[in-house]
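Let's work through this one together, one question at a time. Have a look at the structure first, then try each question before reading on.

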Amino acid sequence: MIDGHELVDTLLVMRQRGGNDDLCPELVTVARVYAGAASSEDIQIAAMHLDGCELCRETMETMRQWDAPQHDSEHDSVRVIQIGRTSRRRGLGALIFAAAAVAAVVVVGVWQPNEGDLGSSSSREFLVKGKTDSIAVAVQRGTAHFAAEPGSGLEVGDRLGFFYSAREEGFLILLDVSATAGMTVLFPAGKTTSGAIGVGVERPLPDNGAVERLDGCEWLIGVFSSRPLSVADVRAELQQQLPTRGPGCTYQPQINDARTTWVFEVERDEN
Amino acid sequence: MNARDYSLTALRERQDVAQAAFWQAEWPRVCEVCERILGPGLVANEVAVDVLEAFLSRYVDHLDDRGALHAYLRMMAVRHCLKEKQKRGRYDFADMDVFFDERDISQEEGSHLRAMMPRLQQCLGALTPKAQQAIRLHYKEGMTNEKVGARIGGSKQYIGRLLQQCREKLRKCLERERPDLYERLVSP
């Protein structure tokens, strides 16, 4: 028999025995990759480790889900948008160049786009800080996937997916702006303010698009900011600065409080 | 020292002031991660203590870049919580026989102590987060009152009083919740 305080002491000591979690030494390398402070050797070490460590993979996946841009699942489905301007200047040569650009953004053995679903991401995806704020446009044409470059031709029926890179956390609005057919907010669809984004390279956005027939100049505009911006205000500013006449499609809008305004001129190959 | 004002070098040198600043700055972040996975409460607090203490005592030596500190700490917390979630509610009594032998506890008493464990968890859950931190550091890490105070804030006298109050609260709670077992284990 013992006294009451001895009982509590004994129970507390019993409860705290064991349970020390020995971490994999490679976890620090995985953390460097996640923080964007990794060398190419780090990336390979981390990828090899994640291949063999289920708990670390699950850890990465949990963090990746938390850091993914916020969006509503109701907007996940592919939406048809009108993108494209007739162009006779670009042919397949530009598309081959674009395909090479895709290879350049793939982190060796780690980033694995899912066939047939441009908007989804692999459980083995790594996120590293982008050097700049930018957006990559991935094109699915039949069974082929490639990245679109400004000036490369798009065809009616092409499906588009969007991947952003950001140098720091912030907010993003992605719009399709047509000189003749108005604007469509691609991300964040259905919201009144810009959507939160984390740091990273080539992170997928939830909304996709498809190319439809349309005449006139057209652009994809990404507005990166450090604080949330009103979608209505951004639309108004873009509208005010739309080029009204002239043969070219030069458009470099300046948006108040944007840290980066990314512009992609959309051109379409006749097919 | 400001809460954010600690260097990796100072942490690696185990400087008390830097460790206290680290604890103050990182506790809310790590706790938030743990609560997100395990839900708010005792277990999340205990895992957060384990993660911070494991980092300060061992894993800080693995890190050579301050830039990756938060990602690493967050990864440690997520990993530990996922592991905890898998074994939630189960106690590991594997080496308890040795423990009972060392303390001259009979098999019958040992069985009563095991049966009291879920109630202890409930009683611990009623304590303040700071008290839970102090108990974890004192009983699991074997820290002195002075060391616990240096970590979470407070003099050794304050931590001594805090732990004493906790023990009394836990004793009353156990007596109230499991009077049958309490009577069998405690001399009148």
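Q: How many Å does helix H3 of chain B reach from its first C-alpha to its last?
A: Keep in mind that this is a predicted model. Helix H3 of chain B covers residues 42-57, so it has 16 residues, and the expected span is 1.5 Å times one less than that number. The expectation comes to 22 Å, and the helix's reach is close to it, at 22 Å.

Q: Which helices are included in what covers the buried residues of H3(B)?
A: There's plenty to cover: the buried residues of H3(B) include B:Val43, B:Ala48, B:Leu52 and B:Phe55. Charged ones such as B:Glu46 and B:Asp50 are on that buried list too. The cover includes three helices of chain B: H2 (16-38), H4 and H7.

Q: Which residues is B:Ala77 in contact with, leaving aside its neighbours within four places in sequence?
A: B:Ala77 belongs to the largest nonpolar core, which has 68 residues, and is listed among those with the most contacts inside it. B:Cys34 and B:Ala48 are on that list as well. Both turn up again among the contacts of B:Ala77, which are B:Val30, B:Val33, B:Cys34, B:Ala48 and B:Val51.

Q: Which helix gives the largest share of the side of chain B that touches chain A?
A: Here 34 residues of chain B are in contact with 33 residues of chain A. Helices H4, H5, H6, H7 and H9 of chain B each supply at least two residues of that side. The largest share, 10 residues, comes from H4(B).

Notes
Residues are numbered from 1 along each chain as its sequence is written. Chains are lettered from A and ligands numbered from 1 in the order in which they are written. This is a predicted model: local features need pLDDT of at least 70, side-chain atom pairs count only at pLDDT 80 or more; totals for chains, interfaces and linings use all residues. Two residues are in contact if their C-beta atoms, placed from the backbone, lie within 7 Å. Helices (H or I, at least four residues) and strands (E, at least two) are DSSP runs, numbered from the N terminus. A residue is buried if 20 or more other C-beta atoms lie within 10 Å of its own, exposed if 12 or fewer, and partly exposed in between; C-beta atoms are placed from the backbone. A nonpolar core is a set of buried Ala, Val, Leu, Ile, Met, Phe, Trp, Tyr and Cys residues joined through C-beta atoms within 7 Å.
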